[in-house]
Amino acid sequence: MDQTLFQYSLRMGDTTLILSHRLSEWTGHGPELEEDLAMTNVALDLLGQARMWLTLAGELEGASRDEDQLAYLRDAPQYRNYLLVERDNGHYGHTIARQFLFDAWHYLLLQGLCTSTNEHVAAIAEKSIKEVSYHARRSSDILVRLGDGTAESHARMQDAVNDAWRFCGELFIDDDITLALEGQGVVPAHASLWQPWLNHVALTLAEATLTMPDPDAAVHPAHTGGVYGRHTEALGYLLAEMQHLQRSYPGASW
Amino acid sequence: MNAIIQRPSVDQLMQWLAEVSDPEIPVLSIVDLGLVRHIAWDGDTCAVTITPTYSGCPAMQEISAGIRQVLSSHGIEHLLIRTSLSPAWTTDWMSQKGRDALLGYGIAPPAEKAIDISGLTRKKTAAVVACPLCGSSHTRAISHFGSTSCKALYRCQTCGEPFDYFKPH
């Protein structure tokens, strides 16, 4: 159980960490000051959540690795994040599409994790879901504003949703790890999140006057495997920047 | 001769902890913010349990340092600071004194109970947030994320001033 939950905590920790880093790349580059602040606030929340998950992972692993060692001293093939979150930021519409699709899944997953039979998992979820409720409201708001905006913003938003869509299916795939934990009441089956996610996404996209892509197109074997360490090339560049200091000056602290 | 160990009461410790303020909002003590969840003596060790506001809040480290400094200045030699995540911090734990202090400082205190986490909704009707400067209730949300994790950005339509709003959490 400990090793299974270790793997799951890594997935959650890596997913929140990588998305946090992606969002923090907008620091000083947001299209408006308010958006710059919002983006980096969300990044900060996700970083805090990543720390909680990676600390838990380190304890479960029992190999004396702490959150920093897990974050800074693993290479891409050891990372267990979902592929959606490592994608390049693209233009602002791409970032918002990724965030909107992710936030809805993240919220629904945390809702399930809040009633986890594992007290550590439940506590992290209980803490995180409040923050993620704000994230989800905001990304939905901006999606609607851009989708139901000018012809240009509408077209770009639609492109961005279509583009991110094929990476969403991976979030709902169950495997030995999620199924074993689901059997013990530790996590919900990821497949069980699909229908409520689809309902929310359909509703919000309609409000944004955007067309929902074909649900079947959300899953493609070529766009899965992040949780097994099979990543796109984007992750390597991200880690190179994120880990540079610790790699160049091992043990550096201040 | 055996030393007589004086263990200050929990009430006394709580009063001392009220000297520690949030580094980002100096008028707000960590007690009024509802961060101090438990104080107990374990032998001659004083155990203080605190809870983070937001999981990524960078002020937590400084708050722990503040607790160490204040209690040590009052003669507490052995201190253990524990962090607990559950139950999760909520603005419902903020004291009236804390709310008044925020208002006096120019930050609108939470206008409603803890954030509703029961469903994925785009909330259309939010509680009225009165302007902390002129008192007008004719205000507009600019962004739900502000200068720190705990604040949103508002603007008063009457006096025209932008202001911070301490978000319900």
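**Exercise 1. Determine how β1(B) and β2(B) are connected, and which residue in the turn has a positive phi.**

Step 1. In this predicted model, β1(B) and β2(B) make up a hairpin, with two residues separating them. Strands here are DSSP runs of E of at least two residues, and helices are runs of H or I of at least four residues, both numbered from the N terminus.

Step 2. The strands β1 (residues 36–42) and β2 (residues 45–50) of chain B run antiparallel and are joined by six bridges; pairing requires at least two DSSP bridges between two strands.

Step 3. D42(B) is placed opposite T45(B) of β2(B).

Step 4. In the turn, G43(B) has a positive phi of about 65°.

Conventions: residues are numbered from 1 along each chain as its sequence is written, and chains are lettered from A, ligands numbered from 1, in the order in which they are written. Local features need pLDDT of at least 70, side-chain atom pairs count only at pLDDT 80 or more, and totals for chains, interfaces and linings use all residues, while side-chain values use heavy atoms, with hydrogens and water left out.

**Exercise 2. Describe the secondary structure of chain B and the span to which UniProt assigns a domain.**

Step 1. Chain B contains three helices and seven strands, arranged along the sequence as α-β-β-α-β-α-β-β-β-β.

Step 2. An unreviewed UniProt entry places "domain: MIP18 family-like" at residues 11–72 of chain B; such positions are given in the numbering used here, feature names are shortened, and annotations may be inferred rather than shown by experiment.

Step 3. Residues 11–72 of chain B are 34% helix and 21% strand, and the C-alpha atoms at the ends of this span are 17 Å apart.

Step 4. Of the 169 residues in chain B, 46% are buried (under 20% relative accessible area, with exposed over 50% and partly exposed in between; 1.4 Å probe, protein chains only).

**Exercise 3. Establish where R74(A) lies, whether R74(A) is buried or exposed, and which side chain R74(A) joins by a polar contact.**

Step 1. R74(A) belongs to the loop between α3 (67–72) and α4 (92–113) of chain A.

Step 2. R74(A) counts as buried because its relative accessibility is 2%.

Step 3. The side chains of R74(A) and D14(A) are joined by a polar contact of 2.6 Å. This term denotes a pair of N or O atoms within 3.5 Å; within protein, one must be able to donate a hydrogen and the other to accept it, and residues adjacent in sequence count only if both atoms are side-chain atoms.

Step 4. The R74(A) side chain also reaches the backbone oxygen of L70(A), at 2.6 Å.
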